[in-house]
Amino acid sequence: MHPIAFEIGSFSIRWYGVMAAAGFLAAAWLMDRNRKFAGLTKDQCSTIMILGLIFGILGARIFYVVQFFRYYRHDLWQIIRVDRGGLVFYGGFILALLAIFLYALRQNLDPVRILDVLAPSLALAHGFGRIGCFLNGCCFGRVTNAFWGVTPPPGSELAMQTGGLPVHPVQLLEAGENFLLCLLYCWMLRRRVGRGIVLGTFFTVYGALRFLNEMLRGDNVLYFHLTPAQWIGLLLMPAGIGLLVWFSTRRDERG
């Protein structure tokens, strides 16, 4: 909950940007390690990561600004200040997924297997991003009396929003979940599970965990009693189960 990493004169480097950059580099390294499972060259792997970065940030920012436009209507310049946080994972996930899928089709690559291989990298990057959210004080949890509650620093923006009371460190919870999921997906790839199984698992497990994690969030607006992320989670879970059922029956597409 200390957003500034260091300062160079009047220029501030924020922890959110540092963690986002670290997450991208870690994800790119892991994608390169796993690319053989999708038959990708180094150049193709690099292109996919660049597409994921560009369209991921673009989609995540668009989704956030649309959801919280009331904070930007009087200062439109702040819309491009991504370094201060304000990214919605699902927005970036959807747009990056679409861009990578279209790229795979244009290059005559297998988009499903590429997304299988991308899943652990995506979970790893998201884990780093959630640590950045914690340090930035965004995506915070509900006020709590539990012993694990974290008290925001006096005078911080988060303290002003929560009255200085302890909150659930939901960002760290989700970071830990994503790191564990990254290990699970890597293990599945090395076990050479069938085509589409990692992707289906990703949709199902992440959709369920995100739905539950949102119950601890303290910053989201509800739409028909659920947050936007919960509604998307409700779509992801059956989609993931459907992928698992579909691809598990195609025994000829293993490895």
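## Note on the predicted model: cysteines, cores, salt bridges and loops

1. **The cysteine pair.** The sulfur of cysteine 182 lies 4.4 Å from the closest cysteine sulfur, in cysteine 186, and that is too far for a bond. This is a predicted model, and the distance is computed from its atoms. A disulfide here would need the two sulfurs within 2.5 Å. Cysteine 186 is likewise in no disulfide, its nearest cysteine sulfur being that of cysteine 182. The count for the structure is 0 disulfides.

2. **Where the two cysteines sit.** Are they buried or exposed? Cysteine 182 is buried, at 7% relative accessible area. Cysteine 186 also counts as buried, at 12% relative accessibility. The cut-off for buried is under 20%, so both values qualify.

3. **The main core.** The largest nonpolar core has 46 residues. Met31, Tyr90, Ile114 and Tyr185 have the most contacts inside it. Seven helices are worth tracing on the model: α1 (15-34), α2 (42-67), α3 (89-106), α4 (111-136), α6 (170-190), α7 (197-213) and α8 (228-248) each supply at least two residues of this core. The largest share, 8 residues, comes from α4.

4. **A separate core.** Another core lies apart from the largest one. It has 7 residues, among them Met1, Phe134, Phe140 and Leu158.

5. **Tyrosine 90.** Look at this residue when tracing the main core; Tyr90 is among those with the most contacts inside it. Which residues does tyrosine 90 touch, not counting residues up to four places away in sequence? They are Tyr206, Gly207, Arg210, Ala229, Ile232, Gly233 and Leu236. One of these, arginine 210, returns in the salt bridges below.

6. **Threonine 204.** This residue is in helix α7. It is buried, with a relative accessible area of 17%. Leaving out residues up to four places away in sequence, threonine 204 touches Leu236, Met237, Gly240, Ile241 and Leu244. Leu236 is also on the contact list of tyrosine 90.

7. **Salt bridges between helices.** The whole structure holds 9 salt bridges. Arginine 130 pairs with glutamate 174, with the closest N and O atoms 3.3 Å apart. Arginine 130 lies in helix α4 and glutamate 174 in helix α6, so this bridge ties together parts that are 44 residues apart in sequence. Both arginine 130 and glutamate 174 are buried.

8. **A linked network.** Arginine 210 and glutamate 214 meet in a salt bridge at 2.9 Å, N to O. Both of these residues are buried. Which residues do salt bridges with shared partners join into one network? The members are Arg130, Glu174, Arg210, Glu214, Arg217 and Asp219. Check these six side chains together on the model.

9. **A partly exposed salt bridge.** Aspartate 32 forms a salt bridge with arginine 35, the closest N and O atoms being 3.1 Å apart. Aspartate 32 is partly exposed, with a relative accessible area of 28%. Arginine 35 is partly exposed as well, at 21%. The limit for buried is under 20%, so arginine 35 falls in the partly exposed class.

10. **A nonpolar surface patch.** Ile50, Leu53, Ile54 and Ile57 form a nonpolar patch on the surface. Together they have about 320 Å² of accessible area. Isoleucine 54 is in helix α2. Its relative accessible area is 48%, which makes isoleucine 54 partly exposed.

11. **The loop between α3 and α4.** Glutamine 107 is in this loop, and so is asparagine 108. Glutamine 107 is partly exposed, at 39% relative accessible area. Asparagine 108 is exposed, at 73%. The backbone of asparagine 108 deserves a look: phi is positive, about 55°, although the residue is not a glycine. For a sense of scale, the C-alpha atoms of glutamine 107 and leucine 158 are separated by 46 Å. Those two residues are 51 residues apart along the chain.

12. **The loop between α7 and α8.** Phenylalanine 224 is found in this loop. Phenylalanine 224 has a positive phi of about 55°, and it is not a glycine. Is phenylalanine 224 buried or exposed? It is exposed, with a relative accessible area of 74%.

Note on methods
Residues are numbered from 1 along each chain as its sequence is written. This is a predicted model: local features need pLDDT of at least 70, side-chain atom pairs count only at pLDDT 80 or more; totals for chains, interfaces and linings use all residues. Side-chain values use heavy atoms; hydrogens and water are left out. A nonpolar core is a set of buried Ala, Val, Leu, Ile, Met, Phe, Trp, Tyr and Cys residues joined through side-chain atoms within 4.5 Å. Buried means under 20% relative accessible area, exposed over 50%, partly exposed in between (1.4 Å probe, protein chains only). Helices (H or I, at least four residues) and strands (E, at least two) are DSSP runs, numbered from the N terminus. Contact means heavy atoms within 4.5 Å. Patches are made of residues with over 30% relative accessible area and no salt bridge: like charges are joined within 9 Å, nonpolar side chains (Val, Leu, Ile, Met, Phe, Trp, Tyr) within 5 Å. Accessible areas come from the Shrake-Rupley method with a 1.4 Å probe; for residues, only the protein chains shown count as cover. A salt bridge is a side-chain nitrogen of Lys or Arg within 4 Å of a carboxyl oxygen of Asp or Glu.
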